Each structure stands twice: as C-alpha cells, then as structure tokens.
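User: I would like to learn how to read the features of a model like this one. Please show me.

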Amino acid sequence: MKNIYVKIKWFIKEEWKLYVFMFFLLVSISLISLLPARVLGGAIDTIISGGITNTSLATLVGALILLPLTRYLLSMVYNYLMNVEGQKLAYKLRKNYLDHLFKMDSKFYETYKKGDLISRVTNDLDAITTAATSLLEGIVFNFGVIIIAILIMGTTISWELTLVSVTIMPIGLTILNKIRYNKRKYTKIHREIYADMTEKVLESVEGMKVIRAYVQEENDLKKQYEAIDKDIESWRYIVNYENWFNPLFEIIYGLSYFLAFAYGTYLIINQAITVGELITFVSYIGMLLSPIISVSTIFSQINNATISVDRYDEILQAIPEVHDESDSLPIIKFNQIDFINVTFKYPFDKMPVIKNIDFSIINGQTIGIVGPTGAGKSTLIRQLLREFNTTSGEIFIDNVPIHDYKINDVRNLVGYVPQEHMLFKKAVDENILVGNPRARLEDLDKAVKIADFEKDIMYLTDGLHTMVGEAGTTLSGGQKQRLSIARALIKDPQILILDDSLSAVDAKTEENIIGHLKESRSGKTNIIIAHRFSAIQDADQILVLEKGVITQRGTHTELLKQEGWYKQQYIQQITMK
Ligand code: ADP
C-alpha cells in the first residue's frame, strides 16, 4: 500500500485540498449511514413503551427521509469528485508513460514487446488508478462505518454484546486477507500471460493481409485460441482463490449474527438492553458486512495495484543507453563525419553485424552503398540515427564523438527514408508534413516534385488531401516509397539517406528522382543504398559491404577496374537488361 502512495505522492500533493474535502465528505457519509438504525431502534422502544406522539412520529418520519436523502446527495458529490480525480490521475500517469516511451532507445524496444508495453499503460494503469481512487473511499468510509458502528454499539447499547459478536470478525478478515495475499503471485503471472495475448492479437491484426494471402487464418486462430486458453487458465486460478474465501467468510459472519441474537436475547431477558436496542444492534451487524468485505476487496485491489505499480514503474525507471547528458553539445551543421573502426552488434545477437568500418562522409558528397542483402548496409547507415551506441570504435562529427552531441540535433541533420514505410492514418500531405510540420506550401510542392510523386496525385481521389488507410493500404508500394522520400525531402536535411528506397519504383521513375536530387541537393550530402547500380553510379564514393565488412570502395569507374563483387554484379545487371 505504501508503495502505491509513494508512487503517486506527487499527485496527492498537487490535489491535497480536494482530498481533504473528500475525506470530510466520506466521514459525514459514514456517520449519516449509521444514524437511521439508531433512530429506528429508539422509535421502536418509544412505541413499545406507549410514549409515541404525533410530533415524535413526524420527527421520526422526517429523519428517516432526510438522512438517506442527504447521504445520497453527499455520495453524488463524492463520486463525481472521485471520478474527476481518477481521470486526472490516469491522464497524468499515461502522459508520463508516453513521454518516457519517446525517450527510449532501440534496445529498449527490442527488450519489451509491443503488447506488453500496451498492457502496462492500459490494464496496469487502470489497476493503479482504481486502487488510488477507491483507496480513500475504502479506508475512510469503510473504516469510518466500522469504527463508528462499533462505538455506537458499544457505548449506547452494550459493550459486552459488542465484544461477543464482533470479535469474531477480525479472525474472518485475517483469513480472507491471507488467501487474497497468496493470490498475488497468480495475478502477476496472469498479467504477463495477458500481455502475451495482447501481443498475439496485435501481430495478427498487423499481419492480416499476409495471413489471408497465405490462407493461414486457421493456424493463426489456433495460436490465438492457445493464448486465450492460457489466459483463461491463469484467470481460473485467481477465481478459485476468490471462491475459497466467500463461503468461508460468510460462515464466520453468520456466526456473528447468531451470537448477537442469542446473547442479545439473554440480555433482554435480564433487562440489560431493550428490544429496540437489540434491533439497532443487529442492524449494525448487518451494516458491517459490506464495509468489511469492501475493506478486504480494497486490500486485494491494492495487492493487484502493487504488481501494476511495479510493472508501470519498471518502464519509467528504464534508462535508455542512448541518452543526452547535461553538457551534450548542439549541432546544426557539419563538415565531415568519420567512422573509425566501427563495430556494431545488436543487443541480443552474438555476432557483430558490421565490423571495423572506416570511412568518411564529407559534406556535399553523395555516397553509394551496395552489397548483398543482409550485408549490414542499413545497420551501418542507421548508426547516424543514434538508435544504439556502437559496440566498439567511434563515429566523429567534425572530430567530436557523435555521443557528445544532443541526440535530437544529430537526428535533425538526417532525413532518413527507411526500407519499411510507415504511413500514418492521415491525409497524404499531412503524412509528408510529418518530416517538417512547419513547412510552407511551396516546400510541400517542391518535395512532391523531387520525389516524382506529382504524377500520382491526380490519380488520388482527393489529391494531396486523400486519406491514407491504416498502414498505407490505399497507396501502391512505389507511391509509398515516393511519399516517404517527399517526407524526408521536406525537411531539407543536411544528410539525405535513401535506404533501398527506390526498390519499388520503375527504372524511369528512379532516373527522374535521381536526376531531381542531383539538381536540388547539390552541395548537400546524400547517402544512397541501392540494388540498381544506375542509382549510385554518379556517387563521389561507393562502398561495397559484404558480411559486415567494407570490401571495396571508390567511384563507379574505379570499381569497374577492380575484380570483385561490384564488377561481377554490374556485368550481371547490364546483361540482364
Ligand atoms: P542490409 O541492409 O544489407 O540488407 P541489414 O543491416 O538490414 O542488412 O541487416 C544486417 C543483419 O543484421 C541481418 O542479418 C539482419 O538479420 C540483422 N538485423 C537487422 N536488424 C536487426 C535487429 N534489430 N536485431 C537483430 N538483428 C538485426
């Protein structure tokens, strides 16, 4: 319980005035809830003794109407405030979580699955919010009712009777809490299984087209059913635990009633209490049931929330390996970038993907990178995006290690067109403007022209305002590539990286784009990874990457004079034409 409060202390500090107000509301509600039984008991005794008058009857009826009404109004105010606070807390927790996710590096995203990250910000976060909001009610109201009821029972009716009938309740409560505490480990396992199931559903939704194309629906559904079965199985354990406690507790509670009746009747016979008092007393015993169960439920909610707080906090405590320092340097342009003996291994791989890479990018140059698929071309060039730290060796920008610069500044130097195109569910122009939301209309036109996307616009129903379906379903592969190129170009970046971004366009379109780039980006740096040699043959420097190692470098003419992969592939490509 402390754990939750420590984690949301900042929120309570911000909202303390309202919490104090809510506290008093709850105390008032608990008091008002208990008064009718006392009034009724008194009334019965007056009726039995024959002392009832019209005035006292009217007062009694008035009290019995007014008290529940007041309780209802106060509860309404309380529930409203509690919901507002709950929403506010959920919003802030969610915001902190998302802010943090944006700070995380690629290693983090390789460690945590998407489904897991989603379930932490939905399921777990809901559990935290519920516990945090119901906690106040649970503790103040329920404990309030329990304590005030016991006090009224003890002081105004009989301490002896109270002791006999109520002492048994804590025993029941302790057993109940013990069972629920043991349930915790199953809840934890269940959370993990649930995250796994979310991941599977996500994967299927994302991969629906492929699943359908290969008629794999049945296999996929089988996987889903397995995940659902596992989820139900783990949930069953939890429900079983709950089933254990309910009857057990009710038996103990029934015993309490029995003792109150038996001993209460004995006290009436001995004229120690009146009939009205016993009726009030038994009503109070009845009223204790719900708060006692609630208190226990709240403990169980807190248990669940403790697991959720840990899961939520684990993400918030994660520190990205790639992060800024307080003295990180700004950079807005560069003269030269040097890769010195750079080796890189993905965090969960055994072997490095690129090894001992040495080369320089001089501002204004166009660099071509070629090589077999899987050679490490993307990995090599993505080092400039600061997704990971290099495993060994160093990248220098103007003689300063790349990690001494602000991460976002380095990323801002680059306009990267990835192999896999991510299109958002927005209009085409809005998708392009992701590259530079502040771009002017003429910049948009220019980017569209250079990317050779202009000719596609007239085929789109609403031109540039056409909505792109989820994951870009309304555009062809080539159109998506060109849109992505326009997105990078609208940024007018110092370094444009085309990572195999011309693979889905025909030779003529490729020629157009390369021609436009030559014109519009003269004096700027371009790095082109390509399979077709036509895209890179005018580059100032071409690197051939094989199995993570640079095996050849030079201009197109120089490379054709050497024996090696470049010449072999070039001959193959021109003979195939
Ligand atoms: P290329 O661009 O030359 O086709 P890549 O750089 O994409 O090559 O991939 C090089 C190797 O690195 C491949 O074996 C690929 O499986 C591996 N690889 C790529 N991305 C990751 C990743 N995120 N984690 C682990 N291995 C990866």
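**Reading a domain interface**

Analyst: Domain 1 and domain 2 bury about 520 Å² between them, with 65% of that area coming from carbon and sulfur atoms. Buried area is the accessible area (1.4 Å probe) that two parts lose on being put together, summed over both. Ser106, Lys107 and Glu110 supply 68% of what domain 1 buries against domain 2, more than any other three residues. This is a predicted model: local features need pLDDT of at least 70, side-chain atom pairs count only at pLDDT 80 or more, and totals for chains, interfaces and linings use all residues. Residues are numbered from 1 along each chain as its sequence is written, and side-chain values use heavy atoms, with hydrogens and water left out.

User: Where are domain 1 and domain 2 in the chain?

Analyst: Domain bounds come from an automatic or database domain assignment. Here domain 1 covers 2–316 and domain 2 covers 336–576. Their centres, taken over C-alpha atoms, are 56 Å apart.

User: How many residues of domain 1 and domain 2 are in contact?

Analyst: Contact means heavy atoms within 4.5 Å. Six residues of domain 1 touch six of domain 2.

User: How many residue pairs are in polar contact between domain 1 and domain 2?

Analyst: A polar contact is a pair of N or O atoms within 3.5 Å; within protein, one must be able to donate a hydrogen and the other to accept it, and residues adjacent in sequence count only if both atoms are side-chain atoms. There is one such pair between the domains, both residues at pLDDT 80 or more.

User: How many salt bridges does the whole structure have?

Analyst: A salt bridge is a side-chain nitrogen of Lys or Arg within 4 Å of a carboxyl oxygen of Asp or Glu. The whole structure has 27. Between domain 1 and domain 2 the count is zero. One of the 27 joins the side chains of Lys114 and Glu206 (2.8 Å, N to O).

User: Which residues surround the ligand most closely?

Analyst: A residue is near a molecule if one of its heavy atoms lies within 4 Å of it. Here 13 residues surround the ligand, and the closest are Glu110, Gly374, Lys377, Ser378 and Thr379. A polar backbone atom of Lys377 is 2.9 Å from a ligand oxygen. A polar side-chain atom of Tyr346 lies 3.2 Å from a ligand nitrogen.
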